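Have your viewer ready and a selection box open. We will make a few short stops together.

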Amino acid sequence: MKKFLLARSSKLLSSFRLTVIAALFITFFLSPIPAAAQEQPNYPVYVVESGDTLNSIALKFGVTTTDILQINSIDNPNIIPVGAELKIPGYEGISGKLTTRAVELGETIETISDRYCLPLDILLRLNKLVSPEEIFTGSELIVPVDSENTPFNSSLIGSGGISPLEASILNKENPRLLTIIHPVESGWQFLPNELAFLNLPGDGKFANPIAREITAFDINPLPLVQGDTIVLSLQTDQSAQLTGALNGKPLNFFSPGANQYFALQGIHAMAEPGLADFSISGKFANGREFSFSQKLVIKAGVFSKDPVLYVDPETINPENTKPEEELIQSKIKDATPEKKWDGLFKLPVDEPFCIYSYFGNRRSYNGGEYKYFHTGLDFGVCATLNIYAPAAGTVVFAGPQTVRGNLVLIDHGWGVYSGFYHMNDILVQVGDVVEAGSLLGTIGDTGRVTGPHLHYEIWVNGVQVNPETWIFDRTYP
Ligand SMILES: [Zn+2]
């Protein structure tokens, strides 16, 4: 008969552990013990995968290759076949097969500990983690799996005051099955947003660990990369009010369809690589609230270093540049509720186009530190001088400035703006509604420039992003 188990965060898990311990006792007293087994310590094993080397395995588990060779009595380290079971030293008290798996969005070390029936302290020790704070989306965790201790294949989330049976009906699970597996604590009720793991026949189904009302949740792309545009998308089973923050920036959520939510966020081109904070919270139409936070990795983008630029020092003096920056910031800060673009952004110039300088290039002025970056994409004059709107929107600024010269800013909705600098003629004015392809003006050499070109910029929720992904790669959201 197939055994079904239900693990609950701590209470039920401990009763489950008791069962396992009892089972071990029985096995212990009934089986004859081979003499050798009494002396040999128990090691967990790792099954060699294709592409593994002795070095990579040693690195993965933080042990030395010598130790692995020694305890596995391997003479020739060059012959370690795929599928071989290697004993791994240094993990006394842990048994089973060691596998690695990535932490998924919405998971915490606690939910992984529950799912694999592993006490939290063992999971932390196994992964050489001092605190649960150290894990983040995408981090690789070592998890032991053995025949006694297979991971649960399903989960469901309860709301306060309902029983697992009621929850199972709400989640369209098989209620009869849950009555079979859960006769023990009939008085047990879920806490709000409590996640329970269970084994169901077949492939199983995992509830979104953040909230039962969230049917799909995605942050794309991950890991976060400097200069990228990040899309958060949520599908819920009822309307929701959402707030959140990513890397210190408050998110703006928009709902283009029933129970569908999006937030777009730019990652600063010079954001510190490492871990970024992500948090989301909200309230559903049914009155239930949730909040969740997780660390996400920020990786450095691939940007080149421009040669040192020599300019009139007055043009980089913050006293002179700050008022202009503040003016631009004030024009691009609002996230207006209507998304006006559709599909890829069109090229802002005629073809054939030529790019003079790419987004994100690191810059030094007059031999100083490389603490600046190129905030847009520079198009040279290779066809006509015409500059076009890349997508529909409303002109929010049109006029001259010292550094950026004659410039136009367009609001495309949802916190997305495009900017066109160093123009010669400006053919639009504030308040004009433009379409993709509307003529905005001509390429010029006004402001801080060394020659005529169009500096083209895209802002996403207050941060300049790489325009190339908007033109060539991806439709947002
Ligand atoms: Zn530029």
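Start by selecting C382, keeping in mind that this is a predicted model. C382 is partly exposed, because its relative accessible area is 40%, between the 20% that bounds buried and the 50% that bounds exposed.

Now add C354 to the selection. A disulfide links C354 with C382, with an S to S distance of 1.7 Å. Searching the whole structure turns up one disulfide. Turn the view to look at the S-S bond: the link is right-handed, with 95 degrees about that bond. C354 sits in the loop between α9 (318-332) and β17 (355-357), and C382 in the loop between β20 and β21 (386-388), so the pair ties together parts 28 residues apart in sequence. Unlike its partly exposed partner, C354 counts as buried, at 15% relative accessibility.

Next, select the zinc ion. Which protein atoms are its donors? They are H374 (NE2), D378 (OD), D378 (OD) and H455 (ND1), at 2.0 to 2.6 Å from the ion. Along the chain, these donors follow the spacing H-x3-D-x76-H. H374 is in the loop between β19 (372-373) and β20 (377-379), while H455 is in strand β27 (residues 454-460), so this pair ties together parts 81 residues apart in sequence. Both H374 and H455 are buried. The arrangement is irregular because the four donor atoms subtend angles of 54 to 155 degrees around the zinc ion.

For the last stop, pick T469, found in helix α10 (residues 467-473). T469 counts as buried, at 15% relative accessibility. Show R474 and Y476 too: T469 is in contact with both, leaving aside neighbours within four places in sequence.

Technical notes:
Residues are numbered from 1 along each chain as its sequence is written. This is a predicted model: local features need pLDDT of at least 70, side-chain atom pairs count only at pLDDT 80 or more; totals for chains, interfaces and linings use all residues. Side-chain values use heavy atoms; hydrogens and water are left out. Donors are N, O and S atoms within 2.8 Å of the metal (3.2 Å for Na, K and Ca); water is not among the atoms, so sites may look incomplete. Four donors count as tetrahedral if all angles lie between 85 and 135 degrees; four count as square planar and six as octahedral if opposite donors are over 155 degrees apart and all others between 65 and 115; anything else is irregular. Helices (H or I, at least four residues) and strands (E, at least two) are DSSP runs, numbered from the N terminus. Buried means under 20% relative accessible area, exposed over 50%, partly exposed in between (1.4 Å probe, protein chains only). Contact means heavy atoms within 4.5 Å. A disulfide is a pair of cysteine sulfur atoms within 2.5 Å.
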